[in-house]
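Colleague: Can you walk me through this one? I'd like to start with the DNA side and then look at how two of the chains meet.

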Protein chains: 4
Amino acid sequence: MSVESYRQTVKDAKRADILKSALKNFLKYGYTGAAMASIAEDADVSTATLYKNFASKEALFTAVATMAATTVQEDVGELPMDATAYDIFTKLIWAFHAAQQEHRVNDLIRVVIAEVPSSPDLTREIFQILVVGRQKKTRAYLDLMVERGLLKPHDTELGARFAMGMIKELAVWPTLFMPDYTFPPDILERAREVMDVYLARYGA
Amino acid sequence: MSVESYRQTVKDAKRADILKSALKNFLKYGYTGAAMASIAEDADVSTATLYKNFASKEALFTAVATMAATTVQEDVGELPMDATAYDIFTKLIWAFHAAQQEHRVNDLIRVVIAEVPSSPDLTREIFQILVVGRQKKTRAYLDLMVERGLLKPHDTELGARFAMGMIKELAVWPTLFMPDYTFPPDILERAREVMDVYLARYGA
Amino acid sequence: MSVESYRQTVKDAKRADILKSALKNFLKYGYTGAAMASIAEDADVSTATLYKNFASKEALFTAVATMAATTVQEDVGELPMDATAYDIFTKLIWAFHAAQQEHRVNDLIRVVIAEVPSSPDLTREIFQILVVGRQKKTRAYLDLMVERGLLKPHDTELGARFAMGMIKELAVWPTLFMPDYTFPPDILERAREVMDVYLARYGA
Amino acid sequence: MSVESYRQTVKDAKRADILKSALKNFLKYGYTGAAMASIAEDADVSTATLYKNFASKEALFTAVATMAATTVQEDVGELPMDATAYDIFTKLIWAFHAAQQEHRVNDLIRVVIAEVPSSPDLTREIFQILVVGRQKKTRAYLDLMVERGLLKPHDTELGARFAMGMIKELAVWPTLFMPDYTFPPDILERAREVMDVYLARYGA
DNA sequence: CATGAATGAGTATTCATTCAT
DNA sequence: AATGAATGAATACTCATTCAT
């Protein structure tokens with residue numbers, strides 16, 4: 001029993017190493033660019049062992065992508081509700097943005113998008129986790145703000161998408177094309193303008 | 001003269017065939033996945049002829065993307081300026097969107113994004129053509145509207161990005177993950193809401 | 001242990017096969033003309049295996065040249081120092097010359113020279129191994145002879161080049177142009193004359 | 001008649017242009033490296049015309065090499081005979097060397113040598129023109145010097161080869177491997193040492 | 001007669017995957 | 001159970017040569 005469980009532990013650890021190494025490689029080089037040999041080497045296993053754990057490159061990628069998408073939780077944390085709409089909005093927006101930066105969600109999105117033609121089901125799933133999930137979270141905050149009278153009643157689902165759309169345009173879209181894109185110095189001002197746009201229409 | 005013009009005609013036709021075949025292949029298999037040999041075969045030319053026309057795979061891809069982007073731009077055509085802001089906005093938005101759908105620009109964008117890790121320069125260039133170019137055009141319309149008193153003076157560059165950002169959220173982002181994504185029946189209403197948001201802030 | 005050593009043995013043998021096949025192909029077709037596929041086939045390995053052993057064609061060629069040069073060096077062996085200058089000189093010259101003939105170094109030199117316009121760095125390296133290395137060895141012998149009083153003190157570096165130059169004129173230069181060149185019957189006499197020339201100037 | 005002769009003239013001029021362009025390309029890129037298309041372009045003719053004039057790349061190279069070897073005449077000029085052996089020798093050596101430098105004989109030699117395995121007859125011929133011819137010329141001078149009592153009677157054929165061998169070692173051999181090789185500042189001193197070596201043995 | 005376009009056969013190199021040990 | 005070595009099939013790209021106009 002003990003020997004078995006030890007073996008299991010080792011095996012699990014190896015699997016985790018492989019997944020980690022695979023994520024790193026996929027992010028860095030893209031799906032096609034990442035070489036199985038490199039992934040194996042980075043995980044300190046032989047290619048044979050790699051293939052014992054994951055039947056093919058595609059299987060490995062699926063495992064990596066779902067794991068990563070699930071792991072990447074926006075640690076937006078709790079937001080205080082005793083402030084003005086401005087304050088709340090700012091925090092909301094920047095929390096999302098920070099999470100995105102920190103966890104390299106854009107890089108992952110890029111790789112996943114790339115695989116759309118070959119694995120539509122996978123990407124649909126990732127889309128749910130990564131995009132729709134975040135929308136729901138944003139909407140919940142908007143609803144709360146409506147409840148508190150900070151925003152007037154409106155279609156918060158659509159509103160959440162508009163807000164996210166504008167933010168993505170500033171903070172996600174360019175990085176999707178240029179991984180080393182650095183934000184212009186006036187990014188904060190521009191983000192504030194997003195709120196003004198939003199509040200002009202939906203502010204209480 | 002006759003010989004020359006004949007040759008030119010044949011050459012142009014061949015070039016068009018190649019571009020068409022290349023677009024098809026890139027969309028189907030992605031940049032890396034598409035083989036120059038397949039592209040050549042589909043266009044009924046030898047690989048050598050392919051290379052006479054386009055110096056490299058990258059050049060070919062750039063040409064394909066440029067062509068697509070240019071076609072999109074052209075299709076938008078001229079917009080009448082004798083209407084209300086609402087009307088103009090609607091046309092602007094839908095013109096871009098329709099062109100985008102028709103020419104499968106989103107699919108192409110996907111392919112471009114996929115290549116970011118391996119060819120940053122290429123994607124940067126395409127980004128300029130496909131994204132920045134469109135932004136400029138939108139901005140020009142907004143400027144015109146400001147001039148005509150339909151919008152109040154504001155930062156139209158940022159405004160153009162906000163408008164595009166919201167539209168992208170509705171019409172581009174989902175198709176990026178799900179190529180067979182079909183618009184919900186209320187998409188038009190939602191697009192109209194985009195205008196309301198915009199006009200609430202920037203309307204005259 | 002057994003497994004490892006077995007693998008090592010097999011690997012070494014394969015490497016030797018590849019080098020042999022590569023030498024053969026390079027000599028027969030020249031650097032550019034020799035195809036990696038042919039080299040692999042002649043060595044009974046796949047091209048992939050070939051590339052596992054040698055990172056590139058250039059690396060393979062360098063290895064071949066180094067091997068040939070090294071073998072030549074080794075073959076010269078140790079020379080007795082208890083004889084007259086004449087004797088020593090004769091041995092020195094003929095040892096080099098014989099080794100050169102046996103290992104087809106001249107043919108290899110031809111191949112190297114042919115690649116000068118396209119890969120100057122490669123040829124520069126080979127020049128170091130094949131020409132400069134041999135010069136140094138010759139010079140070391142001359143120094144020893146000076147030490148033993150068989151030659152009077154002089155610039156042995158230049159001396160080595162003079163001696164080699166004269167020998168090359170007789171034994172290398174013609175074979176460079178005519179691979180099937182056979183030495184005239186009086187070649188030995190002529191080589192002896194080289195020594196006389198040398199000793200007339202530098203003899204003790 | 002006039003029309004015909006005009007045509008002939010044009011044709012001859014074209015042929016000359018091609019040969020010139022071919023020489024340039026062969027020298028710069030080597031035999032394999034020189035592309036027929038480039039040669040044609042440099043000569044301002046179409047590839048088809050190129051092939052009308054020379055049946056194949058090999059035929060073109062043969063024509064180029066023989067022409068070049070013949071053209072490259074060492075314009076040693078006439079040497080005064082009223083000087084010391086030293087003076088004469090210096091002039092002789094440097095005249096050859098200068099011609100070599102000026103006409104890029106080394107570059108040609110390199111290309112020709114490269115083709116030895118594929119066209120032994122051609123290279124044998126070139127060897128006669130380029131190497132043996134020069135030897136004979138040198139020997140003639142040595143004979144003259146013997147006649148004038150500047151050198152003691154000896155085998156001047158062998159002597160010429162020795163002298164040339166030492167000079168080649170200094171001035172030809174390195175440039176054969178390194179086309180951008182520049183002579184060390186003490187090259188003249190070293191060349192003078194060649195004479196000392198020669199005169200130590202053969203001086204009157 | 002001259003041309004520009006076209007090509008088939010070839011090049012070095014890479015990589016996901018398998019297998020003998 | 002784990003490995004290092006092996007590979008077949010594929011890829012972008014080139015070039016001497018030919019042919020329709």
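**DNA surface and chain contacts**

Modeller: By class, the surface near DNA strand E has 17 nonpolar, ten polar and seven charged residues. Keep in mind that this is a predicted model.

Colleague: Which residues come nearest to DNA strand E?

Modeller: Ala48(A), Ala48(B), Ala48(C), Ala48(D) and Thr49(D), out of the 34 residues around strand E.

Colleague: And which elements give two or more residues to that surface?

Modeller: From chain A, helix 2 (36–42) and helix 3 (47–53). From chain B, helix 1 (2–33) and helix 3 (47–53). Chain C gives helix 1 (2–33), helix 2 (36–42) and helix 3 (47–53). Chain D adds helix 3 (47–53).

Colleague: Switching topic. How many residues of chain D are in contact with chain C?

Modeller: 33 residues of chain D, against 33 residues of chain C.

Colleague: Which helix of chain D gives the most there?

Modeller: Helix 8, with nine residues. Other helices of chain D supply at least two residues each, including helix 1 (2–33), helix 7 (120–147) and helix 10 (187–202).

Colleague: What's the mix of classes on that side of chain D?

Modeller: 18 nonpolar, five polar and ten charged.

Colleague: What turn lays chain D on chain C?

Modeller: A turn of 178 degrees, with a shift of 0.1 Å along the axis. The RMSD is 2.0 Å. The two copies are therefore related as by a two-fold rotation axis.

Colleague: What share of the contact residues of chain D recurs in chain C?

Modeller: 97%, and the same surface serves both copies.

Technical notes: Residues are numbered from 1 along each chain as its sequence is written. Chains are lettered from A and ligands numbered from 1 in the order in which they are written. This is a predicted model: local features need pLDDT of at least 70, side-chain atom pairs count only at pLDDT 80 or more; totals for chains, interfaces and linings use all residues. Two residues are in contact if their C-beta atoms, placed from the backbone, lie within 7 Å. Helices (H or I, at least four residues) and strands (E, at least two) are DSSP runs, numbered from the N terminus. Ala, Val, Leu, Ile, Met, Phe, Trp, Tyr, Cys and Pro count as nonpolar, Asp, Glu, Lys and Arg as charged, and the others, Gly among them, as polar. Copies are superposed by least squares on the C-alpha atoms of residues with pLDDT of at least 70 in both. A residue is near a molecule or strand if its C-beta atom, placed from the backbone, lies within 6 Å of it.
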